[in-house]
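I wanted to look up a few side-chain pairs and one helix, and to write down what I found. These are my notes.

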Number of protein chains: 2
Amino acid sequence: MKLPVSTEWLLHCAATLAQLDPGATASAAQLAQYYDIPAAYLAKQLQGLVKAGVLVATTGPRGGFRLARPAAEITLLRIVEAVDGTASPYECREIRQQGLGALSPEECRNTCVLAEKMAEAHDAWRRSLAGVSLADIIATLPRTAPARTRARLASATGATPSRRAPGPAAGDPPSR
Amino acid sequence: MKLPVSTEWLLHCAATLAQLDPGATASAAQLAQYYDIPAAYLAKQLQGLVKAGVLVATTGPRGGFRLARPAAEITLLRIVEAVDGTASPYECREIRQQGLGALSPEECRNTCVLAEKMAEAHDAWRRSLAGVSLADIIATLPRTAPARTRARLASATGATPSRRAPGPAAGDPPSR
């Protein structure tokens, strides 16, 4: 079982947006430059996060993406499920009801115990990711990280950020 | 993320083999008839469980598959990972080290906190499945289930079971 490669992109982009000043936005082009990932595909994926209520998109010259709610209220689960859906990786096709060993419908009123145990494992995975918010992630970063993130994002030529940061800090790589 | 469809097959086949008499075996053809699933593909998948040390395969006219160890020592995790591998569904390609926002190698000595949280969720999933053995599964079945399983498996024409059970019980569907 594999999550889409874009899962990493969107977790990182959401964590980046969590470091912006309140009300500030970043465009898909800026985020794509910030992480050197394909802009068009990223833009589509970011729209998925908008649909899932994780981000809001604003239009116009100062338009872009920002978090739809406080970082403390956005869990990693919400982001991952916005990318990949909520289905369990285990698919039960009820093979217990077919073939020579077929159980009767009466015997299958309850969920198959194997499907039940697989669902419990999926629940454990979900609980783990539901227990971590973007605010928890940001809290692990060095104190200087958000200012640097904002400055570097602002140096991206993809679009004008809605609140331009003062520019790259000394020692930062030049924009390209 | 999706587990292969054969995950259900192999969990069920292993649970079926856990109901045989000690030393008895069932062939891939018998198991395929028992669950009405494709025999050739099932046979290949069962060999995967042999490689993983979950089953042993014996050859000859009485040959077939049986558990490689007591049912209490075979966890669902072992079976699922024999089918799908042990990799985490989340792939970290270190995008934090690329683009305008690239962190320095020194800043990336530790695992990315997002990859770390995704790994913790995978660990929670693995722990959940590692906590359930085939013996636990069998313990949830009605007391009469193992005898019926053996009888129906023996009625499969796929091959001669190594210890033929007395035949289908009254009310069982005819073999085909």
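The entries below cover aromatic pairs, then salt bridges, then a single helix.

**Entry 1: aromatic pairs**

I worked from a predicted model throughout. I counted ring pairs over all chains and got four. I then looked at the rings of A:Trp9 and A:Tyr41, whose centres are 5.6 Å apart and whose planes stand at 80 degrees, so I logged the pair as edge-to-face. The cut-off for that class is over 60 degrees. I placed A:Trp9 in helix 1 (residues 6–17) of chain A and A:Tyr41 in helix 3 (residues 39–51) of chain A; the pair links distant parts of the chain, 32 residues apart.

I checked how accessible each partner is. A:Trp9 has 10% relative accessibility, so I noted this residue as buried. A:Tyr41 comes out at a relative accessible area of 39%, which means partly exposed.

I turned to chain B and found B:Trp9 and B:Tyr41 in an aromatic pair, edge-to-face, with 5.5 Å from centre to centre and 80 degrees between the planes. Here B:Trp9 sits in helix 1 (residues 6–17) of chain B and B:Tyr41 in helix 3 (residues 39–51) of chain B, 32 residues apart, and the pair links distant parts of the chain. I read a relative accessible area of 9% for B:Trp9, which is buried. For B:Tyr41 I read 39%, which is partly exposed.

**Entry 2: salt bridges**

Side chains of opposite charge can pair when their charged atoms come close. My count of salt bridges over all chains is 12. I looked up A:Asp21 and found a salt bridge with A:Arg150, with 3.7 Å between the closest N and O atoms. A:Asp21 belongs to the loop between helix 1 and helix 2 (28–35) of chain A, and A:Arg150 to helix 7 (residues 145–154) of chain A, so this contact ties together parts 129 residues apart in sequence. Both ends are partly exposed: A:Asp21 has a relative accessible area of 33%, and A:Arg150 has 24% relative accessibility.

I also noted the salt bridge between A:Glu91 and A:Arg93, where the closest N and O atoms are 3.2 Å apart. A:Glu91 is partly exposed at 34% relative accessibility, and A:Arg93 is partly exposed with a relative accessible area of 48%.

In chain B, I found the side chains of B:Arg126 and B:Glu81 meeting in a salt bridge at 2.7 Å, N to O. B:Arg126 is part of helix 5 (residues 113–130) of chain B and B:Glu81 part of helix 4 (residues 76–84) of chain B, so the bridge ties together parts that are 45 residues apart in sequence. I have B:Arg126 as partly exposed at 28% relative accessibility, but B:Glu81 as buried at 13%.

**Entry 3: helix 5 of chain B**

Does the end-to-end distance of helix 5 of chain B agree or disagree with what its 18 residues should span? At 1.5 Å a residue I expect 26 Å; the end C-alpha atoms are 25 Å apart, so the two agree.

I listed the buried residues of helix 5 of chain B, among them B:Val113, B:Leu114, B:Met118, B:His122, B:Trp125 and B:Leu129. Which elements do they pack against? In chain A, I found helix 1, helix 4 (76–84), helix 5 (113–130) and helix 6 (134–139). In chain B, I found helix 4, where B:Glu81 of the salt bridge with B:Arg126 also lies.

Terms used:
Residues are numbered from 1 along each chain as its sequence is written. Chains are lettered from A and ligands numbered from 1 in the order in which they are written. This is a predicted model: local features need pLDDT of at least 70, side-chain atom pairs count only at pLDDT 80 or more; totals for chains, interfaces and linings use all residues. Side-chain values use heavy atoms; hydrogens and water are left out. Rings of Phe, Tyr and Trp (its six-membered ring) pair if their centres lie within 6.5 Å; planes under 30 degrees apart count as stacked, over 60 as edge-to-face and the rest as tilted. Helices (H or I, at least four residues) and strands (E, at least two) are DSSP runs, numbered from the N terminus. Buried means under 20% relative accessible area, exposed over 50%, partly exposed in between (1.4 Å probe, protein chains only). A salt bridge is a side-chain nitrogen of Lys or Arg within 4 Å of a carboxyl oxygen of Asp or Glu. The expected span of a helix is 1.5 Å times one less than its number of residues. Contact means heavy atoms within 4.5 Å.
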